[in-house]
Amino acid sequence: MDFKKLDKILNDYVPDHSFITNVSNGEGTTDYEIAEVIQSHNMRIFKMDLPPSAENMVKVFAVELQMLIDAEFESMNYSVDKIKLWETTDSDAVWERIDR
């Protein structure tokens with residue numbers, strides 16, 4: 001695997017230092033309006049169609065990162081097997097592939 005490409009995928013995708021919000025309820029909601037203001041100031045934003053809990057975020061990250069890796073490394077058949085997201089120093093959410 002070309003780790004420079006993987007590093008770029010992760011840096012471009014992972015919402016580090018970003019506003020993470022649920023926009024599934026659409027226009028007129030507080031989350032949607034906040035997201036619009038933040039985007040208008042060219043700040044990083046990560047929109048989800050689910051409440052942005054750590055448990056939901058690891059699921060979304062796993063699916064979307066797998067799609068990005070598949071697109072970048074087409075014929076290599078790499079897979080995302082585990083993602084751990086730390087909420088605090090002693091609390092985390094973990095997603096693991098079950099079809100190994």
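# A tour from helix H1 to the core

Begin at the N-terminal end of helix H1, where Asp2 acts as a cap. Select Asp2 and Lys4. A side-chain oxygen of Asp2 lies 3.0 Å from the backbone nitrogen of Lys4. Keep in mind throughout that this is a predicted model.

**Stop 1: the two sides of H1**

Select residues 3–13, which make up helix H1. Which residues of H1 are buried? They are Leu6, Ile9 and Tyr13. Now look down the axis of H1. The buried residues fall within an arc of 60°, so they line one face of the helix. The spacing has a general background. An α-helix has 3.6 residues a turn, so residues three or four places apart point the same way.

Turn to the other side of H1. Phe3, Lys4 and Asp12 are exposed there.

What do the buried residues of H1 pack against? Show strand S2 (45–48) and helix H3 (54–72). Both are packing partners of the buried residues of H1.

**Stop 2: the largest nonpolar core**

Stay with Tyr13, and add Phe46, Phe61, Leu65, Ile69 and Ile83 to the selection. These belong to the largest nonpolar core, which has 17 residues. Within this core, these six touch the most other members. Which elements give two or more residues to the core? They are H1, S2 and H3. H3 gives the most, with 8 residues. A general tendency fits this stop. In soluble globular proteins, nonpolar side chains tend to be buried together.

Next, centre the view on Ile69. Leave out residues up to four places away in sequence. Ile69 then touches Leu6, Ile9, Tyr78 and Val80. Two of those names come from the first stop: Leu6 and Ile9 are buried residues of H1.

**Stop 3: Gln66 in helix H3**

Select Gln66, which sits in helix H3. Is Gln66 buried or exposed? Its relative accessibility is 12%, so Gln66 counts as buried; the cut-off for buried is under 20%.

Now add Tyr78. A polar atom of the Gln66 side chain lies 2.9 Å from the backbone oxygen of Tyr78. Widen the selection around Gln66. Neighbours within four places in sequence aside, Gln66 is in contact with Phe61, Tyr78, Ser79, Val80 and Arg97. Phe61 was among the core residues of the previous stop. Arg97 comes up again below.

**Stop 4: salt bridges**

How many salt bridges does the structure hold? There are 6. Three of them are on this tour.

Select Lys5 and Glu72. Their side chains meet in a salt bridge, at 3.6 Å from N to O. Lys5 lies in helix H1 and Glu72 in helix H3, so the pair ties together parts that are 67 residues apart in sequence. Lys5 is partly exposed, with a relative accessible area of 37%. Glu72 also counts as partly exposed, at 37%.

Move on to Arg97 and Asp81. These two form a salt bridge, with the closest N and O atoms 3.5 Å apart. Arg97 lies in the segment after strand S4 (91–96), and Asp81 in the loop between H3 and S3, so this pair ties together parts that are 16 residues apart in sequence. Arg97 counts as partly exposed, at 22% relative accessibility. Asp81 is partly exposed too, at 30%.

Add Asp99 to the selection. Its side chain meets that of Arg97 in a salt bridge, at 3.5 Å from N to O. Asp99 counts as exposed, at 57% relative accessibility. Through shared partners, salt bridges join Asp81, Arg97 and Asp99 into one network.

**Stop 5: two asparagines in loops**

Finish with backbone angles. Most residues other than glycine have a negative phi. What is phi in Asn42? The angle is near 55°, a positive value in a residue other than glycine. Find Asn42 in the loop between helix H2 (30–40) and S2. Asn42 counts as exposed, at 74% relative accessibility.

The last selection is Asn77. Where is Asn77 found? Look in the loop between H3 and strand S3 (82–88). Asn77 has a positive phi of about 60°, although it is not a glycine. Asn77 is exposed, with a relative accessible area of 72%.

Technical notes. Residues numbered from 1 in each chain as written. Predicted model: local features only at pLDDT ≥ 70, side-chain atom pairs only at ≥ 80, totals over all residues. Heavy atoms only, no water. Buried < 20%, exposed > 50% of the residue type's maximum accessible area, 1.4 Å probe, protein only. Helix = DSSP H or I, 4+ residues; strand = E, 2+ residues; numbered from the N terminus. Arc of directions from axis to C-beta. Contact = heavy atoms within 4.5 Å. Polar contact = N/O pair within 3.5 Å; in protein donor to acceptor, adjacent residues only side chain to side chain. Salt bridge = Lys/Arg side-chain N within 4 Å of Asp/Glu carboxyl O. Core = buried A, V, L, I, M, F, W, Y, C linked by side-chain atoms within 4.5 Å.
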